[in-house]
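The following paragraphs offer a guided reading of a protein model, from the whole chain to a single residue and then to the enclosed spaces.

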Amino acid sequence: MQNRGEPDERRRGRALGSGLGSGLGSGLGSALRSALGRRLAGRVTATTAALALAGTAVVMMGQGRSGTTLEAAADGAGAQTTAPNSATIQILGISQGFSPKVTPVAKGGTLTIVNDDPDHFTHSITSNAIGPSGKPLFDVVVKPGATRSVPISTLGGGTYTYVCRFHGQMKGTLVIDGPPDGQISNVPKFQQPLVQPPRLHGRHIRIVMRKAKVRVLPHGPRTRMLTFGGSFPGPTIVRRTGRDTKVTFVNHLPRKDGSVTIHQHGGHQRSKDDGQPAAYLIKHGRKRTYDFPLRDGGTPLPAALRFYHDHRMDKTARNNWFGLQGMFLTTDPRERRLGLPKRKYDIPLAVTDRTFRKNNSLTNPFRRMAREMSGAMANDPSMSGMARAAKPGMETVGQQVLVNGRFAPYKRVRPGRYRLQILNSSLFSSYDFALSNGRPFTQIGTGSGLLPHPVVRPDILLGPAQRADVVVDFRGLAGTKVLLSSIPRTDGSPNGTGSREAALMQFRVRGKPAPKARIPFSLASIRHLHVPRKTAKVWRFGLSKDRRGSYWSINGKRFNPRRVDHKVALGSTERWKLVNTSPFTHFVHLHEELWRTLKRDGHAPPPWERGYEDTWRLDPGESVVVAARFTDYTGKFMIHCHMLDHEDDGMMATFQVVERKH
Ligand code: C2O
Ligand code: CU
């Protein structure tokens, strides 16, 4: 294994590894940050992290050139002393994480993990390194107060970083002292091509929801899912913005899946076409036609990548997990003169995570949750008031990340510029997107339209339901491979949720240059809005408690579809403040209007939050001030956390647009 001399190899390592070493001993930290740095031997004598071709990155242990950083690392990890045969890691909670941060253990030894989180959250210990199937080498969930053993006895010598997969900011390092056993890698093999779901363009579209087997993993049986039209994600609806679009959804799902309701996320439509969680449902065997005019106040909505998904009360997470999500792409012919990459150089990507059983079927985290909620925890008096508090660790996080419904796909691209419209359609996970060669993205839009001006960003953090419209530049890279990865969150928010670390897909650059494309300085103008000084409504996102336990809440309340939390006059413009009072990050989604971000934490928002927006990150203690004009439609609309487990747990509220009184 040698460096095959790709020019961007080293920068690539830096991009992937940045932010990784925080909290580690400095020697180890810097080694980890070094190229491909998560793989290094635990001893001075058995070293080397050799660089590999982008996308096939593996590191051979035990031979080759010795790296100075590795020796430093070995010193830092205390390689001079013999590692113990057994070790214990204690979980101290979201902010303090794991203790110790670096745990040495002898090869063949045992590892125990104890969850002592005083806040009674469930946590996991999940290796960043993956096995040949793409699954983590170890992934053990530990409920509050519990002790579990971690299966490490078969792992070879080397350094393994791990995280809590529910709280990616909790990180640690396990150093197995002993001879290495082949390679430690957290880059999967890219064995299947990227696909695009079928596209539907008509003014009246019909989509039948049904159970179907779809190809997700590269080998073995296909996966049974609940689908829109037989594919996962569902068909991509592609429409010119401003054109009236009717979509008839037919519910041919198994009867036990019950009624569903479909929301076009980011759209502007009548209340009854907005995917009400408890009304206008589509019963088993029935259908419903939704009217999406794709206009706001008579003007076409800004073109963007939005999406459609089930929104059924209490079951949104479950129904999305099993497959009920699809992309909704609007286009605008007026955009053409901008000269952005178009047609096959414009690629929508839906990124989401799932966990699979050995037979490639999806796990059912919701059955487990139901059992646990009604079983032991609910009945055990010592757990009273904790049963629901334990939920913040039972979120649906998948072990494997899929792009357009496939695990670890590759895509052939030409040297040139490509537009990627990226959607995080995960239920709970966040990704900090970065390219492995260190080249930045040029962000040109959000999921609600183009930004006023492009913004160059080395990495882009997207939480559930957030989108980013970016241009990537493969010019001059013919013959190389570039990974689209998620790196540990780089913006240094100490209590904010971490992003997962994974290589998501691979671009193989080859062939003739792609047609020229431009990124003009002026992209879009955001319509002027006269916003009143006064804040009309404050929404507080918190963790509340009642007799039944604790729950995720808005202004202290659980969602109740019969309650209206705020009324707004049609035609008015309001300023709202969103505040996170809980110890956990939330991604807050406002339905229906073209929202603008006025302030983040009292300051002007960063340049990438100066377009239209519908979903905001709120780290603990953060506040965001937003405004919109309430146009066209009266009725009820939702505001909620788009971490779907939180939404289902009650972190949702209703605002109602009412006729203006004269
Ligand atoms: Cu994407 Cu209310 O949802
Ligand atoms: Cu949340």
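Of the 662 residues in the protein chain of this predicted model, 62% are buried, where buried means under 20% relative accessible area with a 1.4 Å probe, protein chains only. The accessible surface of the chain, from the Shrake-Rupley method with a 1.4 Å probe, amounts to about 25,100 Å², and carbon and sulfur atoms contribute 49% of this area. The secondary structure consists of 7 helices and 44 strands, which are DSSP runs (helices H or I, at least four residues; strands E, at least two) numbered from the N terminus.

Residues are numbered from 1 along each chain as its sequence is written. Local features need pLDDT of at least 70, side-chain atom pairs count only at pLDDT 80 or more, and totals for chains, interfaces and linings use all residues.

Contacts (heavy atoms within 4.5 Å) link distant parts of the sequence: among those in the chain with a separation of 6 or more, 75% join residues 24 or more positions apart. Thr573 may be taken as a single residue to follow; it lies in strand 37, residues 573–580, and is buried, with a relative accessible area of 15%. Beyond its neighbours within four places in sequence, Thr573 is in contact with Leu529, His530, Val531, Pro532, Ala628 and Arg629. The C-alpha atoms of Thr573 and Ala628 are 5.6 Å apart in space, although the two residues are 55 apart in sequence.

Terms used:
Chains lettered and ligands numbered in written order. Heavy atoms only, no water. Buried < 20%, exposed > 50% of the residue type's maximum accessible area, 1.4 Å probe, protein only.
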